[in-house]
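Here are some notes for a colleague who is coming to this structure for the first time. Please read them with the sequence and the model side by side.

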Amino acid sequence: MQIVHRTAFAVIAAAVTAGAFAPAAMAETAPIASNQRSAPIQAKGYEPGSVVYRGPCKGWMNTKKIKGRWYAQGLVYSSSAACWMKLERKHNGGSYEMISDYYYVHDGTQANTGWHYDHRGYKARVCIQLSTDSSWHCGKGI
């Protein structure tokens with residue numbers, strides 16, 4: 001997957017808002033998960049404390065144990081607007097750093113990151129941004 005850098009992100013977000021990109025073209029610059037659905041699901045491991053809303057966009061995390069270690073997954077759903085999501089993580093009280101690509105959703109679609117290590121000493125959080133916003137809004141670190 002390709003990471004979209006912040007300057008490219010601003011240009012892409014402006015183009016998306018203006019309607020210059022079709023969803024198929026967006027897959028080249030901002031990954032869209034192949035498992036997008038028309039309604040949000042709440043899988044086993046859903047973390048209600050991680051939920052963040054921004055307009056019609058909702059972001060949250062799932063967690064699960066894999067071979068005795070915890071992992072986190074970020075999810076985003078939009079009922080109507082275009083929005084972005086990323087997953088961040090910090091270690092032992094340090095600063096949050098982005099650990100996933102950017103994910104783009106709109107008009108009833110959903111996307112999710114892969115599973116990222118989130119065991120002892122780590123906290124992960126999901127962050128969302130409307131395509132018309134200039135700042136990210138993040139949920140609680142879990």
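1. Strand S2, which spans residues 57-66, is a good place to begin in this predicted model. The strand is mostly covered, since seven of its 10 residues are buried. In a regular strand the side chains alternate between the two faces of the sheet.

2. On one side of the pairing, strand S1 (residues 46-54) runs antiparallel to S2, and five bridges join the two. Within this pairing, Glu-47 has Met-61 of S2 as its bridge partner. S1 and S2 together form a hairpin with two residues between them, and in that turn Gly-55 has a positive phi of about 55°.

3. S2 also pairs with strand S3 (residues 69-78), again in the antiparallel sense, and here the pairing extends over 10 bridges. One of the partnerships to look for is that of Asn-62 with Gln-73, the latter being in S3. The hairpin of S2 and S3 has two residues between the strands, and Lys-67 takes a positive phi near 55° in it.

4. Lys-67 deserves a separate look, because a positive phi, here near 55°, is found in a residue other than glycine. The residue sits in the loop between S2 and S3, and with a relative accessible area of 84% Lys-67 is exposed. A second residue to check is Asn-92, which is not a glycine either and has a positive phi of about 50°. Asn-92 belongs to the loop between S4 and strand S5 (97-98), and its relative accessible area of 59% makes it exposed.

5. How many disulfides does the structure hold? There are two, and when the bonded cysteines of the chain are numbered in sequence order, the pairing reads 1-2, 3-4. A disulfide is a covalent bond between the sulfur atoms of two cysteines.

6. One of these disulfides joins Cys-57 to Cys-83, with an S to S distance of 2.4 Å. Cys-57 lies in strand S2 and Cys-83 in strand S4 (residues 83-91), so the pair ties together parts that are 26 residues apart in sequence. The torsion about this S-S bond is about -115°, and the disulfide is therefore left-handed. Both of its cysteines, Cys-57 and Cys-83, are buried.

7. Another disulfide joins Cys-127 to Cys-138, where the S to S distance is 2.0 Å. This pair links distant parts of the chain, with Cys-127 in strand S9 (residues 122-130) and Cys-138 in strand S10 (residues 137-138), 11 residues apart. Because the torsion about the S-S bond of Cys-127 and Cys-138 is about 105°, the disulfide is right-handed. Are its cysteines buried or partly exposed? Cys-127 is buried, with a relative accessible area of 0%, whereas Cys-138 is partly exposed, at 31%.

8. The largest nonpolar core has 15 residues, and those with the most contacts inside it are Met-61, Val-76, Cys-83, Met-85, Val-126 and Ile-128. At least two residues of this core are supplied by each of S2, S3, S4, strand S6 (103-105) and S9, and the largest share, four residues, comes from S9. Apart from this core lies another one, of six residues, which includes Trp-84, Tyr-104, Cys-127 and Trp-136. The two disulfides can be related to these cores through their cysteines, given that Cys-83 is listed in the largest core and Cys-127 in the other.

9. Turning to the chain as a whole, there are two helices and 10 strands. From the N terminus on, the order of the elements is α-α-β-β-β-β-β-β-β-β-β-β. Of the 142 residues in the chain, 43% are buried.

10. Two further totals complete the description of the chain. Among contacts between residues at least 6 apart in sequence, 61% join residues that are at least 24 apart. The accessible surface of the chain comes to about 7300 Å², and 51% of that surface belongs to carbon and sulfur atoms.

Note on methods. Residues are numbered from 1 along each chain as its sequence is written. This is a predicted model: local features need pLDDT of at least 70, side-chain atom pairs count only at pLDDT 80 or more; totals for chains, interfaces and linings use all residues. Side-chain values use heavy atoms; hydrogens and water are left out. Buried means under 20% relative accessible area, exposed over 50%, partly exposed in between (1.4 Å probe, protein chains only). Two strands pair if DSSP finds at least two bridges between them. A disulfide is a pair of cysteine sulfur atoms within 2.5 Å. A nonpolar core is a set of buried Ala, Val, Leu, Ile, Met, Phe, Trp, Tyr and Cys residues joined through side-chain atoms within 4.5 Å. Contact means heavy atoms within 4.5 Å. Accessible areas come from the Shrake-Rupley method with a 1.4 Å probe; for residues, only the protein chains shown count as cover.
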